[in-house]
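Colleague: I should like to go through some individual residues of this model with you. Could we begin once it is displayed?

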Amino acid sequence: MNGVNSKKTVANVIGVICFFVFVIIDQVTKTAAVANLKDQQPHVLVGNVFELFYLENRGAAFGILQGQKILFVIITIAILAVIFYVFLRLPATKRFYPLRVLLVLVAAGAFGNFIDRTRQGYVVDFFYLKAINFPIFNVADIYVTCGAILLVIVILFYYKDEDLKQLKTALSFKR
């Protein structure tokens, strides 16, 4: 195996390990929320600011599209397929590590909520920023939201035109 392929293999293995670690963290926190918060009063962590509040969300982010499980499953599978394709095709250079990390973060969040939706028909949410009445969310939501926002920032401000050309070449079907 040459140096480039070896580097790429190592980067891919690290990415897969991180993906599973992130998914496990998400699932453990949701299990803890079910065990400790379901059918209980909210657990106030910071008075009138932040609390743990159990919610079964049958919709998407912010509770939109309630009861559209099949739609969410299809969209999630499509998003995961695109992320998987991009991740495997990315050059294994330090320049593209930020992109790799952010793709893993978004994929882990999407998969964490996918597990809930397919297994239970809803996603367990439990973080509530009461001070601003922000919709209740979970660890997977944090992964997806932060990962997606940082992905946009990285693409717009970190990568240069030559990086984007290299990325376009790596992702093209013609090789």
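Colleague: Which side chain of opposite charge is nearest to aspartate 125, and how far away is it?

Modeller: Aspartate 125 is buried, that is, under 20% relative accessible area with a 1.4 Å probe and protein chains only. It has no salt bridge, defined as a side-chain nitrogen of Lys or Arg within 4 Å of a carboxyl oxygen of Asp or Glu. With Lys and Arg counted as positive, Asp and Glu as negative, and His and the chain ends not counted, the nearest side chain of opposite charge is lysine 30, at 6.4 Å.

Modeller: As to the source, this is a predicted model, in which local features need pLDDT of at least 70 and side-chain atom pairs count only at pLDDT 80 or more, while totals for chains, interfaces and linings use all residues. Residues are numbered from 1 along each chain as its sequence is written, and side-chain values use heavy atoms, leaving out hydrogens and water.

Colleague: With which side chain does the side chain of aspartate 125 make a polar contact?

Modeller: Among the residues in contact with aspartate 125 (heavy atoms within 4.5 Å), leaving aside neighbours within four places in sequence, are Phe53, Tyr54 and Asn138. The polar contact, at 2.7 Å, is with the side chain of asparagine 138.

Colleague: Is aspartate 39 buried or exposed?

Modeller: Aspartate 39 has a positive phi of about 60° although it is not a glycine. Most residues other than glycine have a negative phi. Because its relative accessibility is 72%, and the cut-off is over 50%, aspartate 39 counts as exposed.

Technical notes:
A polar contact is a pair of N or O atoms within 3.5 Å; within protein, one must be able to donate a hydrogen and the other to accept it, and residues adjacent in sequence count only if both atoms are side-chain atoms.
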